[in-house]
Amino acid sequence: MTLPLNDQRMVESLKAALWKSEFYLPPVFDFIAVSFFALTGALAAMRRGYDIIGLFAVAFVTGLGGALIRDGLFLQDGPPGLTRHWGYLVAVLAGCVVGWIAGNLLEKFPNAIAVIDAIGLGAYSVVGVQKSVAAGLSFPAAVFVGVTNACGGGLLRDIITREEPLMLKPGQFYVLASLLGSGVFVTLIRRTEMGAPVAALIAMGATFLFRVYAIAFNWRTAPVQPWRYKRSPDLRRPKPPKAEDDPT
């Protein structure tokens with residue numbers, strides 16, 4: 001199956017720009033970001049009372065789940081990146097250890113962890129887009145994979161711990177922040193002469209600032225309600241059980 005001519009030209013232009021000046025996430029920063037993502041998974045596992053295996057499993061999927069989805073499901077370009085360097089497993093173990101030692105202290109500063117998490121959110125959004133374009137995906141698909149790369153680990157964490165996924169509920173613009181960063185990166189590459197490293201830093205900065213402002217000012221999304229025909233207040237309240245349905 002071939003892409004339409006306009007999409008092919010767009011993908012080729014994006015590839016040329018990225019190959020000319022490709023953005024690489026520094027390995028040390030990459031490992032630190034994985035550790036912080038894994039730390040949030042470790043904290044969630046301890047809240048659920050999991051043992052050491054459960055702690056590592058939840059931390060692993062939180063820190064590396066987005067990259068696994070990206071490489072294994074969408075790109076399918078050889079072994080996943082986490083299998084090519086032992087540092088990723090060390091980063092996950094570091095997140096587990098920090099969560100085990102300082103979990104009670106960290107729970108008192110949720111905003112600090114969220115701010116640090118915002119750095120990794122922007123970085124992984126950009127990396128996901130870059131790898132997708134290099135693999136030949138179109139602009140919308142690359143943005144989608146970038147968001148999945150950044151947010152997929154948190155989704156898997158909530159599924160494993162049997163929590164309603166946070167990314168599906170009203171919240172402080174987490175997925176939208178990743179979508180903003182992914183869109184800014186591709187737009188700068190496509191519409192300007194800017195090199196990929198500079199465009200990536202701008203996109204990461206936009207994601208970070210948007211996320212931090214959302215945390216600082218408690219900007220939140222709202223539940224979706226029917227636009228044309230609104231539900232009456234009486235229908236929103238659960239009806240009391242009938243006498244014959246009462247189990248007592």
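**Helical architecture and nonpolar cores of the predicted model**

F173 is buried, its relative accessible area being 17%, which places this residue under the 20% limit for burial. In the predicted model, F173 belongs to the loop between α6 and α7 (174-191). Although F173 is not a glycine, its phi is positive, at about 55°. A positive phi, near 55°, is also found at N218, again a residue other than glycine. N218 is located in the loop that links α8 (196-216) to α9 (233-236). With a relative accessibility of 42%, N218 counts as partly exposed, since this value falls between the 20% and 50% limits.

The protein as a whole is built from nine helices, with zero strands. Read from the N terminus, the order of elements is accordingly α-α-α-α-α-α-α-α-α. Of the 248 residues in the protein, 41% are classed as buried. Among contacts with a separation of 6 or more, 76% involve residues that stand 24 or more positions apart.

The largest nonpolar core comprises 24 residues, and the members that touch the most others are V34, A59, F60, L64, Y88, V92 and Y124. Two or more residues of this core are supplied by each of α2 (27-47), α3 (52-75), α4 (87-106), α5 (110-134) and α6 (139-160). The greatest contribution comes from α2, which gives seven residues. Another core, of 15 residues, lies apart from the largest one and includes A123, I189, A199 and A200. In soluble globular proteins, nonpolar side chains tend to be buried together.

The packing of α2 against α4 was examined in further detail. The axes of α2 and α4 are 7 Å apart and form an angle of about 50°. The two helices, α2 and α4, are therefore oblique to each other, because an angle of this kind is neither under 35 degrees nor within the range of 65 to 115 degrees. The crossing of α2 past α4 is right-handed. On the α2 side, the residues that meet α4 are D30, F31, V34, S35, A38, L39, A42, L43 and M46. Their counterparts in α4 are G87, Y88, A91, V92, A94, G95, C96, V98, G99, W100, G103 and L106. V34, Y88 and V92, listed in this interhelical contact, are also among the residues with the most neighbours within the largest core.

C96, one of the α4 residues that meet α2, is buried at 7% relative accessibility. A second cysteine, C151, is likewise buried, with a relative accessible area of 4%. The structure holds zero disulfides.

A further buried position is T148, which is situated in helix α6. T148 has a relative accessibility of 14% and therefore counts as buried, the limit being 20%. When neighbours within four places in sequence are set aside, the contacts of T148 are with G66, I69 and F74.

Note on methods: Residues numbered from 1 in each chain as written. Predicted model: local features only at pLDDT ≥ 70, side-chain atom pairs only at ≥ 80, totals over all residues. Heavy atoms only, no water. Core = buried A, V, L, I, M, F, W, Y, C linked by side-chain atoms within 4.5 Å. Buried < 20%, exposed > 50% of the residue type's maximum accessible area, 1.4 Å probe, protein only. Helix = DSSP H or I, 4+ residues; strand = E, 2+ residues; numbered from the N terminus. Disulfide = S-S within 2.5 Å. Axes fitted to C-alpha atoms, helices over the stretch in contact; angles between N-to-C directions. Parallel < 35°, antiparallel > 145°, perpendicular 65-115°, else oblique. Left-handed = near helix turned anticlockwise from the far one by under 90°. Contact = heavy atoms within 4.5 Å.
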